[in-house]
Amino acid sequence: MQYDNNNVFAKILRGEIPCKKVYEDNHVLSFYDVNPQKKIHVLVIPKGKYINLDDFNENASDEEIVALSKAISHIAKKLSISIKNGEGYRALANIGVNAGQEVPHLHFHLFGGEKIGKMVE
Ligand code: AMP
């Protein structure tokens, strides 16, 4: 499967579509989900062109992988949903058709600010 340069997150990364930014560094962008499923619902994406977590782990540099992983904890703290300064949160990545992945650019959902509920509906 080839990376689709016209997916919505690629457009956000190119600045063609606005987003409500939460965090940005050299390798990572985070912004609020446009259709929040919980009180706090943000997305964390790599800036590189990776379709899903498997593609990312196979093809991204160690630097990119560390940056994304660390950014998740940093953002959770920034939003006061971490264990350290909140009540915890859920980080979730849908990978492929069976998981219902809609946007073919790797993204982690961070849900928090309230009890998140059952892991799988
Ligand atoms: P997934 O089903 O895991 O691929 O999730 C895709 C997510 O992207 C959904 O939660 C959408 O609400 C979200 N989404 C789609 N378009 C945008 C956008 N322009 N800005 C922010 N979030 C978006």
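Me: A polar contact is a pair of N or O atoms within 3.5 Å; within protein, one atom must be able to donate a hydrogen and the other to accept it, and residues adjacent in sequence count only if both atoms are side-chain atoms. What makes the link between the side chains of His-41 and His-109 a polar contact?

Reply: The structure is a predicted model, in which local features need pLDDT of at least 70, side-chain atom pairs count only at pLDDT 80 or more, and totals for chains, interfaces and linings use all residues. Residues are numbered from 1 along each chain as its sequence is written, and side-chain values use heavy atoms, with hydrogens and water left out. The side chains of His-41 and His-109 are joined at 2.8 Å; this value lies within 3.5 Å, so the distance condition is met.

Me: Is His-41 called buried or exposed, and how do you know?

Reply: Buried means under 20% relative accessible area, exposed over 50%, and partly exposed in between (1.4 Å probe, protein chains only). His-41, found in strand S3, has a relative accessible area of 3%. That value is under 20%, so His-41 is called buried.

Me: Which class does His-105 belong to, buried or exposed?

Reply: His-105, in the loop between S4 and S5, has a relative accessible area of 0% and is therefore buried. Its side chain makes a polar contact of 2.6 Å with the side chain of Tyr-3. The side chain of His-105 also reaches the backbone oxygen of Pro-46 at 2.8 Å.

Me: How do you know that strands S2 and S3 pair?

Reply: Strands (E, at least two residues) and helices (H or I, at least four) are DSSP runs numbered from the N terminus, and two strands pair if DSSP finds at least two bridges between them. Five bridges join S2 (residues 28–32) to S3 (residues 40–46), so the pairing condition is met; the two strands run antiparallel. Within this pairing, Leu-29 has Ile-45 as its bridge partner, and Phe-31 has Leu-43. S2 is also mostly covered, with four of its five residues buried.

Me: What makes S1 and S2 a pair?

Reply: They share three bridges in the antiparallel sense, so they too satisfy the condition of at least two. A hairpin of three residues connects S1 to S2, and Tyr-23 stands opposite Ser-30 in S2.

Me: Why do strands S1 and S4 stand at the edges of the sheet?

Reply: The open sheet has five strands in the order S1-S2-S3-S5-S4, with antiparallel pairing. S1 (21–24) and S4 (89–92) each have a single partner strand, so one side of each is left without a neighbour in the sheet.

Me: What does the lining of the largest pocket contain, by class?

Reply: A pocket is found on a 1 Å grid over the protein atoms alone, as an open set of points with protein on both sides within 12 Å along at least five of seven lines; lining residues have an atom within 4 Å of a point. The largest pocket has 32 lining residues, of which Asp-33, Gln-37, His-41, His-109 and Phe-111 lie nearest its centre. The lining has 17 nonpolar, eight polar and seven charged residues. Here Ala, Val, Leu, Ile, Met, Phe, Trp, Tyr, Cys and Pro count as nonpolar, Asp, Glu, Lys and Arg as charged, and the others, Gly among them, as polar. Asp-33 is therefore counted as charged and Phe-111 as nonpolar. Helix H1 gives the most to this lining, with three residues.

Definitions and conventions
1 Å grid on protein atoms, 1.4 Å probe; cavity = no way out; pocket = protein on both sides within 12 Å on 5 of 7 lines; lining within 4 Å.
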